[in-house]
2 protein chains.
Amino acid sequence: MTDRPARTPGREILFNAFDMNCVAHQSPGLWRHPDDRARTYTTLGYWTDLARTLERGLFDGLFLADVLGTYDVYGATNEGPLRTGAQVPVNDPILLVSAMAAVTEHLGFGVTAGTAYEHPYPFARRLATLDHLTEGRVGWNVVTGYLPSAAQNLGHRDQMSHDERYDHADEYLEVIYKLLEGSWEDDAVLDDGEKGFVDPAKVHAINHHGRWFDVPGIAITEPSPQRMPVVYQAGTSPRGVTFAGENAEAVFISSPTVGIMRDSVRKVRAAALAAGRDPQAIRVFAMNTIITAATDEEAWAKFEEYRRYADPEGALVLLSGWTGVDLSRFDLDEPVGNVESNAIRSAVETILGARREDGRPWTVRDFSEYIGVGGFGPILVGSGATVARRLAALQDETDVDGFNLAYAITPGTFEDIVEFVVPELQKLGRYKTAYTPGTLRHKLFGRGDRLPTEHRGSRFRIGGDLSTASDRLESITSQLAGIARP
Amino acid sequence: MTDRPARTPGREILFNAFDMNCVAHQSPGLWRHPDDRARTYTTLGYWTDLARTLERGLFDGLFLADVLGTYDVYGATNEGPLRTGAQVPVNDPILLVSAMAAVTEHLGFGVTAGTAYEHPYPFARRLATLDHLTEGRVGWNVVTGYLPSAAQNLGHRDQMSHDERYDHADEYLEVIYKLLEGSWEDDAVLDDGEKGFVDPAKVHAINHHGRWFDVPGIAITEPSPQRMPVVYQAGTSPRGVTFAGENAEAVFISSPTVGIMRDSVRKVRAAALAAGRDPQAIRVFAMNTIITAATDEEAWAKFEEYRRYADPEGALVLLSGWTGVDLSRFDLDEPVGNVESNAIRSAVETILGARREDGRPWTVRDFSEYIGVGGFGPILVGSGATVARRLAALQDETDVDGFNLAYAITPGTFEDIVEFVVPELQKLGRYKTAYTPGTLRHKLFGRGDRLPTEHRGSRFRIGGDLSTASDRLESITSQLAGIARP
């Protein structure tokens, strides 16, 4: 532990760009803005240009969200999603990576893929392939699936229950870890004209026989720079946070207030500790939408202009999907407090309660306008210097590691951040001025390319540490206690 | 029919490059040759350089083979495959495409994917995504899976029987056709700030309920340039040829003699006719390995040099996988006629019988050496002029449309073909001198971007022709009869 940099206030802030292979990701309606290029999501040029812009701004990664279904909760039909383009049509994210990797050298790529949608054997090969092609710059955002329409089109009558989905994901990851960490020894590839290409004695069948999967054989991919790509996760339920504590190396949170953000970060670190890991072994990224310009006034003018393009119907479509509540059943002028849903009520109390001050009750329309730019996440508006100071303060107050930046318009929002915010953060000493060489994992943690030994995945290595999580928790807790008492 | 160019002798020859995301595709052992770069298959640079080379040579496509298992038939172990690198390790092919598409403008990409390995709903989205990103330059090589090790690692105790695999593939393609051809009308996307992004009235649920798949919903991808990518296929069994007749637009054959090549081409065209299609609506590519240089002598010297690097064990590993016969049970000096296997016996009679002239019986070793360079396919050795004349004659004698070119070393074999053979074919008027603009399908057939109306897939369009194959067979036969009698 002592060789790690201390996680003190004043440390560097990490940036992820948050995008999706569709026209309307988090800011429904903004595809209608004349400067928005989201409609070119079907072209390679959109993605290679975006990747170059992000690398110019020293972003740590591009995080690609995904769904494999439609937001047909709103009105129980696809009409709203289709009309507003709300995350449909949506193309495959993983197929974008190699083109972007070819035009960049350092940018990381976090790709979303669901554990309910593909067998882990071919998926492990996809991860290994991307890790090879990107020279170790790939991460996997693990989702267990949440849109019922996706499950139906894959032939499942219903989704599994929430907790069962995580049990299934646990085993899915176990298979992936075994294939990528436990099948081929590091020096299995000889590439030797005399001895052969691979030493067969150093490649092992994983013999996995579980509740959901039987995978007797060897991995068919050779070791890649990171072996297991960096594991991303975004669950906030108790079961989701436990899963993150055991598996995640980067966690995305969406917190409307400083207090909630601080709590969320603390919960994630506690979950890591409970799983026998260093609490700082997870990088926590808070979702945020930044509207910036040369001055505060210009930034606010830009924000007001963007708001005029926001699409309340699209916002309600997304919100209905996220909460599972069909908001088409409510009048737009109905006070949102009337909507009988814990998810909505909790959102009203925390998100909206924190913002509105004129006493008038929030209506469904207000809510839809609130999330019309930047979705559920908070919005920061201001000059580069204003935004940089606010981000630095947010990090100091919450212990968050970085921000997952959604766009209002694309790539304009990202170009603005690179132009106005990054230099101001650098002036504050709160942002890198050059990339660390090496893999995504090494860039994020500075501890090499591979999963650390205390991570669950490393237990599945040949000769891995099979001690239980509680053993390791005891050991790490006593180490931390030792540090606290000089 | 009358607007089609006649398929007369003297037409232009098509070229596909045949590669795989591994070190030893068809020429085991050649990865040890000092000029071979196959070992860099894990890097983007290998693939983008190769794509540029092929486009410089006006190749129609790059065909990427794939397996999702190991050739563990030989000795019932992975030792042989691993030691010789025979198609293992092997990375995912589909993830290579976007990087290669970004550095080319015309080259087509034929990607192998098995119908047994992924649910058609996410796979349809992968096809649509690639067709968008490549601007219509993608083809799908449909395989039903043949390595038992792949089936086992996907949790199936055994593969389905051969014919059942094709029944399953039939339904798999039906789902793909419905999603890509029958869900979104051509003008469903409005991209209109007032009316919306999509017209929901023009997007239809496919309501597929079959023996293997239930897919009630809409496709989540918008129409791409070709909609259904070009369908490639390589089956040679009676059931495989029927499947090709109904679905394939390009068929790969592997024919050791002129006679067999002619028969294979005829069979494929007859299968198209039987499915109610124009017999010329399938482009037939014969596998071939070309060793060429400035002169015949240099080409033969090169061939002899390559042969010295061939790896008999790797050849036997591949051959055992292809035939299902464990050739490790035989002494290398055993006459190959002693091997009790129809597949082997047939190969001996047709392939070897056609080559060996000294009367000595072919041994297992001879056979392994024969396929050590270029696998099962025939080899043409000679100067560019020699090879060009031979290819032209082969086309005239067999009605084949083009050649699927395996490599001895990569990218050297392809560079040699571009340098020596392409200009000579052009001199003969037997090779394009510029690409036709447009999609891969339009380049191959000159009839536009979409599946022709007589193709099975077009029946699943909104308002598609639901007449049966036999109706259409009758109609097309009478048309052909009309043409034959002037």
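Helices (H or I, at least four residues) and strands (E, at least two) are DSSP runs, numbered from the N terminus. This is a predicted model, in which local features need pLDDT of at least 70 and side-chain atom pairs count only at pLDDT 80 or more, while totals for chains, interfaces and linings use all residues. Residues are numbered from 1 along each chain as its sequence is written, chains are lettered from A in the order in which they are written, and side-chain values use heavy atoms, leaving out hydrogens and water.

In chain B, the loop between strand E10 (250-253) and helix H8 (258-274) holds B:Ser255. With 1% relative accessibility, B:Ser255 counts as buried, a word that here means under 20% relative accessible area (1.4 Å probe, protein chains only). Leaving aside residues up to four places away in sequence, B:Ser255 touches B:Ile260, B:Met261, B:Ser264 and B:Pro378.

Helix H10 (residues 312-323) of chain B is mostly covered too, with 9 of its 12 residues buried. Among them are B:Leu316, B:Val317 and B:Leu318. Right after H10(B) comes B:Gly324, whose phi is positive, near 80°.

Then there is the meeting of the two chains. Here 67 residues of chain B are in contact with 67 residues of chain A, contact being heavy atoms within 4.5 Å. The count of salt bridges between chain B and chain A is 10; a salt bridge is a side-chain nitrogen of Lys or Arg within 4 Å of a carboxyl oxygen of Asp or Glu. One such pairing joins the side chains of B:Glu118 and A:Arg126 (3.4 Å, N to O).

Key: Buried < 20%, exposed > 50% of the residue type's maximum accessible area, 1.4 Å probe, protein only.
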